[in-house]
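User: I should like to learn how to read charged and buried residues in a model of this kind. Could we work through the features in turn?

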Amino acid sequence: MRATRPGMPLVEREIEVLRLIAEGGSYAEVAAELQLAHASVKNYAHSAIKKLGARSQAHAVHLAHLAGILRRERHGDHAGFTAHVRRGEDPWACTQGCPEGERAYRAERRQQRREAA
Ligand SMILES: [Zn+2]
């Protein structure tokens, strides 16, 4: 098994556990929410702390926020579309509704301009 080291990317489960901890959840509550064993939640939290190079759970939450890891991604509307652009991604390639949301937004803007003219 590969050793967990600072700087390694967090896996989805570690991020989920960290997000629920950041929202105030205890290990028991996180375990219930994610339908995981208490020991698994503890392992995910500890590996997340290690990967972030944090000294505690609170420090890990702080570092994860700074790194944008706990940011909730928005999709399906103009805000979600522009968020892709800010992240350096192609918003038209999104499969979670951003292109459709943007087309609807642009159509609405065109309609507003026509009505204003
Ligand atoms: Zn999107």
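User: In which helix is Arg19 found?

Analyst: This is a predicted model, and in it Arg19 belongs to helix α1, which covers residues 12–22.

User: How should I read the charge of Arg19, and which side chain of opposite charge is nearest?

Analyst: Side chains of opposite charge can pair when their charged atoms come close. Arg19 has no salt bridge although it is buried; Glu23, the nearest side chain of opposite charge, is 5.1 Å away. A salt bridge requires a nitrogen–oxygen distance within 4 Å. The side chain of Arg19 does reach a backbone atom, the oxygen of Leu70, at 3.4 Å. Leaving aside residues up to four places away in sequence, Arg19 touches Ile69, Leu70, Arg71 and Arg72.

User: How many salt bridges does a search of the whole structure find, and which residue pairs with Glu16?

Analyst: The search finds 5 salt bridges. Glu16 pairs with Arg13, their closest N and O atoms being 3.1 Å apart. For pairs within one helix, the general idea is that an α-helix has 3.6 residues a turn, so residues three or four places apart point the same way. Here, Glu16 and Arg13 are both in helix α1 and 3 residues apart, about one turn of the helix. Glu16 is partly exposed, with a relative accessible area of 26%, and Arg13 is likewise partly exposed, at 29%.

User: Which residue meets Glu102 in a salt bridge, and is Glu102 buried or exposed?

Analyst: Glu102 meets Arg106, with an N to O distance of 2.7 Å. The two residues are 4 apart in helix α6 (residues 98–116), and therefore about one helical turn separates them. Glu102 is buried, with a relative accessible area of 2%, whereas Arg106 counts as partly exposed at 38% relative accessibility.

User: What does the salt bridge of Lys51 and Glu14 tie together?

Analyst: The side chains of Lys51 and Glu14 meet at 2.9 Å, N to O. Lys51 lies in helix α3 and Glu14 in helix α1, so this salt bridge ties together parts that are 37 residues apart in sequence. Lys51 counts as buried at 8% relative accessibility, and Glu14 is also buried, at 5%.

User: How does one check the length of helix α3, and what covers its buried residues?

Analyst: One compares the expected span with the distance between the end C-alpha atoms. At 1.5 Å a residue, the 15 residues of α3 (residues 38–52) should span 21 Å, and the end C-alpha atoms are indeed 21 Å apart, so the two values agree. The buried residues of α3 are Val41, Ala45, Ser47, Ala48, Ile49, Lys51 and Leu52. Their cover includes α1, α2 (27–34) and α4 (57–66). Just after α3, Gly53 takes a positive phi of about 70°.

User: Which residues does Val41 touch?

Analyst: Val41, in helix α3, is buried with a relative accessible area of 0%. Not counting residues up to four places away in sequence, Val41 touches Val17, Tyr27, Val30, Ala31 and Leu36. The C-alpha atoms of Val41 and Tyr27 are separated by 6.3 Å, although the two residues are 14 residues apart along the chain.

User: Finally, what domains does the assignment give for the protein chain?

Analyst: The domain assignment gives domain 1 (12–66) and domain 2 (78–116). Their C-alpha centres lie 33 Å apart.

Notes. Residues are numbered from 1 along each chain as its sequence is written. This is a predicted model: local features need pLDDT of at least 70, side-chain atom pairs count only at pLDDT 80 or more; totals for chains, interfaces and linings use all residues. Side-chain values use heavy atoms; hydrogens and water are left out. Domain bounds come from an automatic or database domain assignment. Buried means under 20% relative accessible area, exposed over 50%, partly exposed in between (1.4 Å probe, protein chains only). Lys and Arg count as positive and Asp and Glu as negative; His and the chain ends are not counted. A polar contact is a pair of N or O atoms within 3.5 Å; within protein, one must be able to donate a hydrogen and the other to accept it, and residues adjacent in sequence count only if both atoms are side-chain atoms. Contact means heavy atoms within 4.5 Å. The expected span of a helix is 1.5 Å times one less than its number of residues.
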